Amino acid sequence: MNAPLAFTYQALPMRVVMGVRALDRLADEIDRAGLERIMVVCSPGQLGLAETVAGRVGARVADIHPHARMHVPAASAAEAGRRAAEVNADGCLAVGGGSAIGLGKIVALRHGLPVVAVPTTYAGSEMTPVWGLTENGVKRTGRDPRVLPVSVLYDPELTVSLPAAVSATSGMNAIAHAVEALYAPDTSPIIGLMAEEGVRALADVLPDVVADGADLDARSRAQYGAWLCGACLGATTMSLHHKLCHALGGALDLPHAPTHTVVLPHALAYNQDAAPGAAAALGRALGAAADPATRLWDLAGLLGAPRSLRELGMSEDDIDRIVETTLAAPYANPREVTAEGLGRLLHAAWSGQPPT
Ligand code: NAD
């Protein structure tokens with residue numbers, strides 16, 4: 001017999017419009033949010049895409065601000081805030097990946113402007129009330145319901161230009177959210193269902209996305225998985241895997257999604273025996289009951305994604321520093337995190353060995 005259920009679950013007020021040509025609904029969503037003077041934010045490389053999206057709301061665009069950067073540097077947050085005040089914006093339309101949405105969130109936090117998000121990667125930030133800001137090389141994060149986008153449009157046509165390599169690592173980044181949500185201290189049955197389904201959808205479809213980035217069915221299913229995985233991230237507290245990636249990104253400036261891709265099989269291998277419920281759900285989702293961690297390692301290989309921290313530019317000498325940083329802040333994890341265990345994990349991830 002199973003143990004009696006015990007959990008707390010707080011639903012987030014998410015609104016999602018998903019499907020091919022969801023963009024046709026953008027003007028309605030902007031109306032619904034009551035926005036008249038929108039500042040569109042995007043990364044420099046996505047200016048063309050942002051202009052296309054902005055074209056759908058015409059005169060209500062007060063400015064296009066193509067200066068989003070990874071991890072929201074403080075200077076870029078301050079500049080976006082100044083610009084929003086200058087053009088008297090009453091809302092932000094974030095077009096792009098986690099960097100664009102992250103910038104929109106900081107403007108929301110500081111200036112109270114609601115965000116409408118049009119995500120074009122699988123990072124999942126649009127589904128969370130988590131903001132991040134990087135100052136003097138240190139990234140701070142926090143939770144605030146005001147930064148959760150009031151509406152999110154997932155249109156697979158906008159993701160066709162996402163390169164295969166970015167699609168692969170971004171999809172693995174999404175899977176990581178669901179993996180850790182399954183053994184989070186504040187997980188719940190509804191999150192368990194969403195996480196399992198999100199992993200199933202992404203693991204099934206990422207090979208098709210990588211094989212043919214213009215396959216709209218595959219792109220759509222990947223967005224479906226990313227939505228579910230992002231919602232899991234928004235509803236739970238992350239453990240060892242996310243703490244490690246945060247430490248690697250913050251201290252060594254390693255690229256976000258590729259770092260998640262390399263670390264995930266190792267972090268799951270570290271935890272899976274101590275989290276049998278999560279391992280069983282992942283076994284079902286991945287068709288790998290015996291060892292979901294190795295299945296994720298194989299998936300990364302199949303996708304042609306990086307599988308070592310060395311190839312991301314990390315030096316072996318940095319391992320001790322990362323062990324120290326990751327041990328310094330306490331967090332819940334299914335298995336006790338020790339310096340020795342973490343050192344072994346990082347050596348395997350650094351050199352590109354399969355997870356053990
Ligand atoms: P990103 O937004 O920087 O995008 C990755 C790359 O893809 C960039 O080079 C971008 O220009 C490119 N790109 C995006 N859309 C494209 C498209 N349609 N066509 C071609 N290229 C495209 O990175 P990301 O991986 O999406 O997000 C990572 C950031 O988001 C990190 O700062 C991370 O900390 C943050 N994040 C935050 C949360 C949260 O809940 N707050 C969740 C996940 C990620």
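Is Arg-60 buried or exposed? In this predicted model, Arg-60 counts as buried because its relative accessible area is 17%, which falls under the limit of 20%.

The surroundings of Arg-60 offer a starting point for reading the structure. Side chains of opposite charge can pair when their charged atoms come close. Arg-60 forms a salt bridge with Asp-31, and the closest N and O atoms of the two are 2.5 Å apart. This pair links distant parts of the chain: Arg-60 sits in the loop between α2 (47-54) and β3, whereas Asp-31 belongs to helix α1 (residues 26-33), and 29 residues separate them. The partners also differ in their accessibility, for Arg-60 is buried at 17%, while Asp-31 is partly exposed at 47%.

The structure holds 13 salt bridges in total. Another of them joins the side chains of Arg-284 and Glu-196, with a distance of 2.9 Å from N to O. Arg-284 is part of helix α10 (residues 276-286) and Glu-196 is part of helix α6 (residues 189-211), so this salt bridge ties together parts that lie 88 residues apart in sequence. Glu-196 has a relative accessibility of 12% and therefore counts as buried.

A further salt bridge is found between the side chains of Arg-321 and Asp-318, where N and O are 3.4 Å apart. Here Arg-321 is partly exposed, because its relative accessible area is 40%. Asp-318, by contrast, is buried, with a value of 18%. Elsewhere, salt bridges with shared partners connect Glu-196, Glu-197, Arg-200 and Arg-284 into one network.

The cysteines can be considered next. A disulfide is a covalent bond between the sulfur atoms of two cysteines. How many disulfides does a search of the whole structure find? The search finds 0 disulfides. Cys-229 and Cys-232 illustrate the reasoning. The cysteine sulfur closest to that of Cys-229 belongs to Cys-232, and because the distance is 6.0 Å, the two are too far apart for a bond. For comparison, the cut-off for a disulfide is 2.5 Å between the sulfur atoms. Seen from the other side, the sulfur of Cys-232 likewise has that of Cys-229 as its closest cysteine sulfur, at 6.0 Å. Cys-229 is buried, with a relative accessible area of 0%, and Cys-232 is buried at 0% as well.

Attention now turns to the ligand. Which residues are closest to the ligand? Of the 22 residues that surround it, the closest are Gln-46, Ser-99, Thr-120, Thr-128 and Lys-139. Helix α4 (residues 98-111) gives the most to this shell, contributing 3 residues.

Several polar atoms of the protein face atoms of the ligand. In the side chain of Thr-128, an N or O atom is 2.5 Å from an oxygen atom of the ligand. Ser-161 places a polar side-chain atom 2.8 Å from a ligand nitrogen. In Leu-162, a polar atom of the backbone lies 3.5 Å from a nitrogen atom of the ligand. On its own, the ligand has 860 Å² of accessible area, and the protein covers 83% of this.

Two histidines show how a buried residue may be described by its contacts. His-71 is located in the loop between β3 (61-65) and α3 (74-86). With a relative accessibility of 18%, His-71 counts as buried. Apart from residues up to four places away in sequence, His-71 touches Leu-133, Thr-134, Lys-139 and His-256. One of these, Lys-139, is also among the residues closest to the ligand.

The second histidine, His-241, lies in helix α8. His-241 is buried, with a relative accessible area of 0%. When neighbours within four places in sequence are set aside, its contacts are Ala-176, Glu-180, His-260, Val-263, Leu-264 and Ala-267.

Finally, the backbone deserves a brief look. Arg-21 is not a glycine, yet its phi is positive, at about 65 degrees. Arg-21 is found in the loop between β1 (16-18) and α1. Asp-253, also a residue other than glycine, has a positive phi near 60 degrees. Its place is the loop between α8 (240-252) and α9 (256-271). Asp-253 counts as exposed because its relative accessibility is 63%.

Note on methods:
Residues are numbered from 1 along each chain as its sequence is written. This is a predicted model: local features need pLDDT of at least 70, side-chain atom pairs count only at pLDDT 80 or more; totals for chains, interfaces and linings use all residues. Side-chain values use heavy atoms; hydrogens and water are left out. Helices (H or I, at least four residues) and strands (E, at least two) are DSSP runs, numbered from the N terminus. Buried means under 20% relative accessible area, exposed over 50%, partly exposed in between (1.4 Å probe, protein chains only). Contact means heavy atoms within 4.5 Å. A salt bridge is a side-chain nitrogen of Lys or Arg within 4 Å of a carboxyl oxygen of Asp or Glu. A residue is near a molecule or strand if one of its heavy atoms lies within 4 Å of it. A polar contact is a pair of N or O atoms within 3.5 Å; within protein, one must be able to donate a hydrogen and the other to accept it, and residues adjacent in sequence count only if both atoms are side-chain atoms. Accessible areas come from the Shrake-Rupley method with a 1.4 Å probe; for residues, only the protein chains shown count as cover.
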